[in-house]
Amino acid sequence: MAAPRSRPRHASLSAKKAAKKTAKKAPVKKVAKKAAKKAPAKKAAKKAPAKKAAKKAAKKTTKKAAKKAAGKVTSASVRMYRMGTGDCFVIKFHSGRARPYTMLLDCGVCNGSKEFIRPYVEDIIAHVEGHVDALVVTHEHKDHVYGFDQCRDLFTDPQTLTVEEKWLAWLESETATEDGDGAEGVEAVEQLKKDVKKMKLALRAASHEIARAIGDEDNHDRANWKEARRGYAPLRAYENFAKTLAGFSALHLGEDEEAEDKAALPIGAAGGGLLGAKGDVMSSLKGMRIVKDEIPCEKSIRYCWPGRVIENVPGLEGIRIFILGPPRNAARIRQSHAPKEEKGGDYHHNEDALQHSMAFAAAALATQDGEEPAKPPFDPAYAIPMLADHAYETEDRWRRIDHDWLMGAGQLALRLNSCINNLSLVLAIEFMGSGKVMLFPGDAEYGNWASWHEIDWGRLGGLAKGKDEDGKRLHLTRDLLDRTVFYKVAHHMSHHGTARLKGLHLMNHQELVAMATLDYQNIGEGWAGTMPNRPILDDLLPRTKGRLIVMNTTDVPYNPADPSDNRASLAEKIEEARELMTTRERDAFDAAYSEDEEDGKLWMEFEVHGE
Amino acid sequence: MSSRKKPRAAAAQPESQPQQQQPQPKILPKLPSFRNLRGYAFDPSMSLALDTATINEIVYQVPWEKELKAGPVGEYVEVIDYDPTTRTLYAPADLNDDYALAMDGFDPGEADPRFHQQMVYAVAMTTIRNFEIGLGRKVIWAPRRTAGKGKSEHYVPRLRIYPHAVRDANAYYSPQKKALLFGYFQATPVNRSLHMPGALVFTCLSHDIIAHETAHAILDGMFPYYNEPTNPDVLAFHEAFADIVALFQHFTFPEVLRHQISRTRGDLESQNLLGQLAQEFGIAMGGYHSLRDAIGSKDEKTGKWEPAKPDPADYQTKIEPHARGSILVAAVFDAFLSIYKHQVADLLRIASDGSGVLRQGALHPDLVNRLADEAARCSRRVLHMCIRALDYCPPVDLTFGEYLRGIITADVDLKGEEQHVFRIAFIEAFRRRGIYPHGIRSMGVEALAHSGVSMTTETERLIKIIADYLGEYRDKIVKHLGDRKRIYEISRDFAFRDSDSLHHRLLVKMGDSAEFQRLTGLAWKDWQAVGVADSRAVPGPRFMINYLRLVSRPTPEGGMVNNIVFSLQQRTGVRIEKGVLTPVTLKDNEEGEDDPHTMIFRGGCTFVFDLDRLQLKYVISKPLLACPADGSAPETKLDEERVRAQYRYQYATGPQSMGEYQAYFGSSFARSLNEPFALLHQH
C-alpha cells in the first residue's frame with residue numbers, strides 16, 4: 001500500500017494523500033485480502049478462514065460500537081465491489097454483535113468472464129462469512145445480476161453460502177395483488193409486464209435480424225451497402241448500430257443463453273411461440289432466474305411494496321427500511337423523463353419523452369423463424385404480390401428500404417432500458433436514532449423517483465421530522481431525502497438515473513456522501529458518451545463537497561461529450577471539490593473510507609455512522 | 001395556387017414555355033390545369049372533433065400531370081407502397097381511374113392504403129409547387145453521389161416516397177436514398193378524445209409531416225452542406241425551414257382560415273387566433289409540435305391563447321436543433337402576424353366605422369372572406385419570401401442572421417424599394433429574438449441587404465470572363481426550361497463536366513488572383529498553406545461548383561427578375577491539438593474514411609448574376625479565410641475564429657444537445673450522420 005499507485009484508482013488518492021492515509025489508518029482499515037483469497041469454495045474447508053478474516057476486519061468498528069447501546073445498529077459499512085460498471089454492494093450493519101447483519105445488494109457487471117468475476121464473488125463470500133441475511137436484487141439488468149450467473153456454483157451451494165432472506169421488487173411476483181396490497185390499475189401493470197416481455201424478445205429478434213442482414217452478402221450488393229456517400233457506407237452505419245444494439249440486448253437477455261435455452265426448449269415444445277411459455281424463459285436473465293429459483297433459501301421471497309417499511313428484523317435493531325419503489329402505477333414505470341411542466345425535473349438534454357408503441361415490437365418478433373407474421377395495418381385485399389419486375393426490385397436498388405425499419409430497435413432498446421430501470425427496487429435505510437438515511441435507488445429513472453412523492457405513507461407519515469416553510473410536516477419521502485447522508489448514484493451517473501427537482505435537489509444533508517458504479521475500463525457499448533452526466537456532477541460535487549466515491553476514475557472525463565485535449569478529468573474535479581470540506585470533515589471522510597490491500601482492486605468501502 | 005394561369009402546353013409548365021408550332025390546324029385537346037384530390041388539411045384526428053371536422057377535408061389542386069402512372073408515379077415523385085415490416089406490397093393508387101377522376105380521388109380515410117398514397121402525392125406536389133413559384137425555377141432533387149471512378153453524380157428524377165416504411169413515430173427524408181420514409185405506430189395519446197389508445201397513427205396522413213419532409217428533400221437538393229452540423233444553426237435551420245413551409249402552406253388554404261376567422265366573433269385580436277391555429281393543428285402526431293411551442297401558449301387561467309414573449313436569451317442558450325429551430329419559426333411567424341395586422345387594419349376600420357370596436361355577434365361573411373383572403377395572401381408572400389431567400393444565402397455553415405440577410409436581399413432584389421413593411425416586420429421579429437447577423441453595423445434594411453460588389457478594373461475584368469460564359473449557359477438553358485433532366489445535365493456540364501466548364505475557366509483565369517480571393521473569401525493564392533488540396537486537372541486550388549441555376553421570378557409590378565445563381569465551395573482539414581490549429585490537406589477519398597480528429601472546414605460563396613445585363617449583383621460569402629474588415633484582399637490564412645467556433649460546437653456543445661437516441665446510436669456527431677434526419681426525428 002505504501003508504494004505509490006501507478007494507476008489513479010480513486011480521486012482522493014493522490015500520492016500525498018495516500019501516504020498520509022497510509023500512515024494513519026492503513027494498518028487498521030486494510031482487510032486481509034489474502035485470507036479472503038484463500039477462502040475456499042470447496043465444501044469441506046468452507047467458512048472458518050473467511051470468518052476469521054472478516055472478524056478481524058470488523059473488530060475495530062464493532063468494539064467501538066459495543067461501547068454504546070449494544071444491540072442497536074450504530075453504523076453500516078457499504079462495500080462497493082469493483083468488477084466494472086454495474087452494481088455489487090455488501091452492506092454490513094454493525095450493532096456490537098459478533099456477527100453483523102449482512103446485506104448483499106445486486107451482483108452484476110456489464111462484461112466479464114467467469115474467471116474475472118470469480119475472485120470478487122469469493123471475496124464477497126469471505127466478507128459475509130458465508131452467510132447473507134438479506135439478498136436484495138434491485139432489477140433485472142445484466143449489470144446488476146451477471147455475477148449470480150457467472151458464479152452460479154458459488155451462489156447455489158449452501159456449503160459455500162447461505163441466504164436468510166431474498167428481497168425483490170413487488171413486480172417480480174406473479175400477482176400484482178399479493179401482500180393484501182395492490183397495484184394501481186392491475187390491468188395496466190399486467191399489460192406492462194406483457195409489454196416488457198414482448199419488448200425484450202423483440203429487441204433480441206431485431207438484433208439478430210440486423211446481424212443477419214449485415215452477414216448476408218446479398219444485401220451488400222442488392223442495396224449497395226458498400227457504396228459511400230459523403231461520410232460513410234450504409235454497411236458501416238449498420239455495423240455500428242448493431243454493436244450498440246447487441247449491447248442493449250445482452251443487458252436484458254444475456255448473450256450466450258439463447259443456445260442453451262433453445263436446446264432446452266425446442267421451438268414449439270412449450271407451445272405458443274415466443275410469447276408462450278417458452279418466452280417466459282427466453283425473456284428473463286439467467287442471473288435473475290438463479291436468484292429467484294436456485295439460490296437456496298428457507299423463507300419465501302419477500303416482495304417489497306412501495307409505502308411499506310421493513311422493521312423489527314433481528315440483527316437490524318435501530319434500523320428501518322422504507323420501500324420507495326418501484327411505483328405501483330404503470331404510467332410512472334413507463335416514464336423516463338420529467339414532464340414538460342416540471343422544468344428542470346431531470347437531467348435529460350432533450351425534453352421529448354420516448355414514444356411508446358408496440359407496433360415495432362410486433363413486427364420485429366415476427367421476423368423470427370416459427371413466429372406468426374406481423375399483421376399489416378390494412379385489409380389483406382389491398383395487398384398485391386411483389387413481382388420480380390416491380391420497380392422496387394428493378395429500379396434504383398440503392399433505394400430499397402428492407403432493413404431501415406430495424407433502426408427502430410434503437411428506440412425500443414432505450415424504452416425498454418428505461419422501463420426496466422424503473423422497475424428498480426428502492427430502499428431508504430434509516431438509522432432510527434439519528435434519522436440519517438442511506439438511499440439505494442438501483443437504477444431508478446424519473447418516473448420511479450416522482451412516484452415516491454405520491455406514496456400514501458399512512459401512519460408512517462408521522463415519522464417525518466422536518467417541516468416545510470409553512471410549518472407543515474413534510475411528506476415522508478421528502479423528509480427521507482432531506483436526511484440522506486449516503487446516496488448510491490442511480491444508473492452510473494448517467495442523465496437517466498437521478499431526478500433533479502424531486503431527487504438530488506432535495507438532498508441537503510451536510511454529510512452527504514455518494515457512491516457511483518462507473519468504470520470506463522469495463523463499460524457497455526455506447527454508454528461512455530452519457531456517463532457521467534456533467535450537470536449531475538455539477539450538482540453532486542458541491543452537495544457532497546467532493547465526497548463522491550467512483551468505482552474507477554481512470555480515463556473518466558468530467559464531461560464525456562468534450563474530447564478536447566485540455567478537458568478536465570473527473571478525478572481532478574472531485575479533488576477540486578474536496579477543498580470544500582473542512583479539516584474535520586476531511587478527516588472523518590478519510591477515516592470512514594477504506595479499500596482492499598491491493599490498492600482497492602477488489603472493493604472500496606465507506607462506513608456510514610448512524611449516530 | 002388557384003391564381004395560376006392555365007398553361008397551353010401539355011405539361012403544367014411556367015409561363016415562359018415557348019409555344020409549340022403545330023403543322024396543321026386542328027383542335028387541341030384542352031388539358032386540365034389541375035387534378036383535384038381530396039385530402040386532410042391537417043390529419044385524420046381532426047376529423048373526429050366536431051369543430052374541425054368540416055374544415056379538415058379539403059381538395060388539393062395538384063398540377064395536372066399527363067404521364068401520371070399508378071403509384072402515383074409522376075414527374076417529381078414516385079410513391080411505392082411497400083411495407084418491409086410485414087413484407088407487403090399494397091395496390092398502387094391509379095388516379096387516372098375513371099371513378100377516381102370523377103370523385104376527386106379516393107375517399108379520405110385510414111383504411112384504404114390508396115388514399116394514403118394519394119395524400120402523400122397531393123401534399124408533396126403542393127409543396128413542390130410552392131417552391132417552384134418561390135424559387136422561380138424547377139425543383140431538382142439532390143443528385144446521387146457515388147464513390148469510385150466514372151460519374152460521381154447521377155441525376156435523380158423522382159423523389160421516392162414510402163408511405164409505410166417504418167414502425168415508429170417517425171418520418172424522415174433519407175439523403176442516402178433520396179426518399180421519404182413514413183412511419184406508423186400505436187398512439188399513446190395526450191388527448192384521449194382525439195386518438196383512441198392503441199389505434200394506429202399514420203404519419204403519412206398528416207399534411208404537416210409530409211410538407212415538412214418534402215421541404216427537407218428540396219432543401220437538400222439545393223444545399224448539400226446544410227445537413228452538416230458546423231454551427232448550432234445549421235440543423236436547426238433545416239428543421240425550422242421545413243416547419244415554416246408546412247405551417248404557411250396551411251394558411252394558403254382559405255377555407256381553413258375562413259372557418260376559423262368566422263369564429264372570432266368580434267375579437268379584434270384575431271391574429272392571435274391564427275397563432276393558436278398554427279400551434280394546435282397538425283400537432284397530433286410526432287414530435288413536430290415542439291417547433292411551434294415557441295409561438296405561444298394558452299393562458300392557464302383565461303384559457304386564451306397568447307403569443308409568447310420573445311426572449312433574446314434563447315438564441316444564446318438553446319442548442320438542441322428543434323428548440324433552436326423553434327426560435328426561427330417563432331420569428332417568421334411573428335413577422336407574418338405583423339404583416340397581416342398591417343394589411344387588415346383598414347378592413348377593420350371600415351367594418352367598425354372607424355371605432356376599432358366590432359359589434360357583438362358573428363362577423364359579416366364578406367368581412368370574413370376578406371380577412372381570410374388577406375391572411376392567405378400574406379402567408380403566401382411570407383412563404384415565398386422564405387423560399388426565395390435561399391438563393392441569397394451562403395452555401396455552407398448558414399446562420400439565422402445570414403438567413404435574415406437573405407430574406408431582405410431577396411426582397412430588395414425582387415421589389416426594389418417597394419413594400420417596405422414586409423422587410424421591417426422581418427427585421428423587427430428577428431431583432432426581438434436577439435438574432436443579429438455577424439459583422440453588421442445596424443439592423444436597417446440598407447445594412448442587412450447585401451450590397452453590390454465594389455468594382456475595380458481588375459474585378460470587372462474577372463467578372464466579364466464569368467459573365468460571358470454565363471451568357472452561353474443562358475442561351476442554351478432557355479431552350480429546355482420545361483425539362484428537368486436537361487436542366488440538370490446542361491447545368492452540370494456547364495458547371496464542371498465540360499472541358500471548358502465554368503470550373504475549368506475559373507481555375508485557369510482566377511488562379512493566383514488576389515482580387516478573386518477578396519471577392520470570394522476562398523483560397524486562390526498559396527492555397528496549400530491552408531490545407532486546400534490541388535486541383536486534379538489544372539494547377540490551382542481544389543474547389544467545387546454547386547448548383548448552377550437560372551431563376552425567373554415575376555415582380556409585383558409585372559416585370560421579371562432573371563438571375564443566374566451559382567456557388568463555390570472549398571474545404572480543408574483542420575486539426576486542433578493543445579490549442580494549436582494546424583491545417584491538414586484532406587485526401588481524395590477523405591470523406592469516406594478518415595481520422596475522426598481532423599475536422600472538415602468549409603468556406604463558400606454564392607454569386608448572383610443579372611441574367612439580362614449579365615452583371616454581377618451579389619456575392620454572398622462565407623469566407624474560408626480571415627477577411628480584413630476594411631474589405632481588402634485577405635491573406636491566405638484560415639478564419640481562425642470560425643474554425644474554433646465550429647470545433648467547440650462539433651466536439652462539445654453539439655453532441656451534448658442531442659437526444660438519447662443520438663447519444664447511444666449515433667455515430668460521430670460531426671460526420672457520418674448516415675441518416676441525419678432519421679436521428680433528428682427520433683425522440
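# Group meeting talk: sheets, cores and a buried helix

In chain B, 66% of the contacts between residues at least 6 apart in sequence join residues at least 24 apart. Before I go on, note that this is a predicted model. I will stay with chain B for a moment and then move to chain A.

Chain B has 20 helices and 18 strands. Of its 683 residues, 61% are buried. The exposed area of chain B is about 26,400 Å², and 52% of that comes from carbon and sulfur atoms.

One residue from this chain as an example. B:N130 sits in helix 3 of chain B, residues 113-135. Is B:N130 buried or exposed? Its relative accessibility is 4%, so B:N130 counts as buried. Setting aside neighbours within four places in sequence, the contacts of B:N130 are B:Q249, B:L383, B:H384 and B:I387.

Now the nonpolar cores. In general, nonpolar side chains in soluble globular proteins tend to be buried together. Here the largest nonpolar core has 133 residues, and the members that touch the most others are A:F148, A:L439, A:M493 and A:L548. Helix 7 of chain A, residues 186-215, contributes the largest share of this core, with 10 residues. There is also a second, separate core of 122 residues, and B:L135, B:A211, B:V344 and B:L398 are among its members.

Helix 7 of chain A also holds A:M199. This methionine counts as buried because its relative accessibility is 3%. Not counting residues up to four places away in sequence, A:M199 touches A:M358, A:L412, A:R415 and A:L416. For a sense of distance, take A:M199 and A:S434: they are 235 residues apart along the chain, and their C-alpha atoms are separated by 44 Å.

Next, strand 13 of chain A. How many of the residues of strand 13, residues 513-519, are buried? Seven of the seven are, so strand 13 is largely enclosed by the rest of the structure. The general background is that side chains in a regular strand alternate between the two faces of the sheet. In strand 13 of chain A both faces are covered, with A:V513, A:M515, A:T517 and A:D519 buried on one side and A:A514, A:A516 and A:L518 buried on the other.

Strand 13 of chain A has partners too. Strand 12 of chain A, residues 484-488, pairs with strand 13 in the parallel sense over three bridges, and in that pairing A:Y487 stands opposite A:A514. Strand 14 of chain A, residues 548-552, also pairs with strand 13 in the parallel sense, over four bridges. There A:A514 stands opposite A:L548. Between strand 13 and strand 14 of chain A, the chain passes through helix 19, residues 534-544, in a right-handed β-α-β crossover. A:L548, in strand 14, is also one of the core members I listed for the number of other members they touch.

On to another sheet in chain A. This one is open, with eight strands in the order 6-5-4-3-2-1-16-15 and mixed pairing. Its edge strands are strand 6 (302-304) and strand 15 (593-595) of chain A, each pairing on one side only. On average, neighbouring strands in this sheet are turned by 20 degrees against each other, direction ignored.

At the strand 15 edge, strand 15 and strand 16 (residues 603-609) of chain A run antiparallel and are joined by three bridges. A:S594 stands opposite A:E605 in strand 16 of chain A. Helix 21 of chain A, residues 583-592, packs on the sheet there, touching strand 15 and strand 16, and its direction makes about 30 degrees with that of strand 15.

Last item: helix 5 of chain A, residues 142-150. Helix 5 lies across strand 3 (101-107) and strand 4 (131-137) of chain A, at about 105 degrees to strand 3. Nine of its nine residues are buried, so helix 5 of chain A is largely enclosed by the rest of the structure. The buried residues include charged-letter entries such as A:K142 and A:D143 alongside A:V145 and A:F148. What covers helix 5 of chain A? The cover includes strand 3, helix 4 (114-127), strand 4, helix 6 (152-156), helix 9 (234-253) and helix 12 (286-294) of chain A. A:F148 is one of the buried residues of helix 5, and its contacts beyond four places in sequence include A:L104, A:L135, A:F155 and A:I290.

Conventions
Residues are numbered from 1 along each chain as its sequence is written. Chains are lettered from A and ligands numbered from 1 in the order in which they are written. This is a predicted model: local features need pLDDT of at least 70, side-chain atom pairs count only at pLDDT 80 or more; totals for chains, interfaces and linings use all residues. Side-chain values use heavy atoms; hydrogens and water are left out. Buried means under 20% relative accessible area, exposed over 50%, partly exposed in between (1.4 Å probe, protein chains only). Helices (H or I, at least four residues) and strands (E, at least two) are DSSP runs, numbered from the N terminus. Two strands pair if DSSP finds at least two bridges between them. A crossover is right-handed if, with the strands pointing away from the viewer, the path from the first strand over the helix to the second runs clockwise. Contact means heavy atoms within 4.5 Å. Accessible areas come from the Shrake-Rupley method with a 1.4 Å probe; for residues, only the protein chains shown count as cover. A nonpolar core is a set of buried Ala, Val, Leu, Ile, Met, Phe, Trp, Tyr and Cys residues joined through side-chain atoms within 4.5 Å. Axes are lines fitted to C-alpha atoms, for helices over the stretch in contact, and angles run from 0 to 180 degrees between N-to-C directions.
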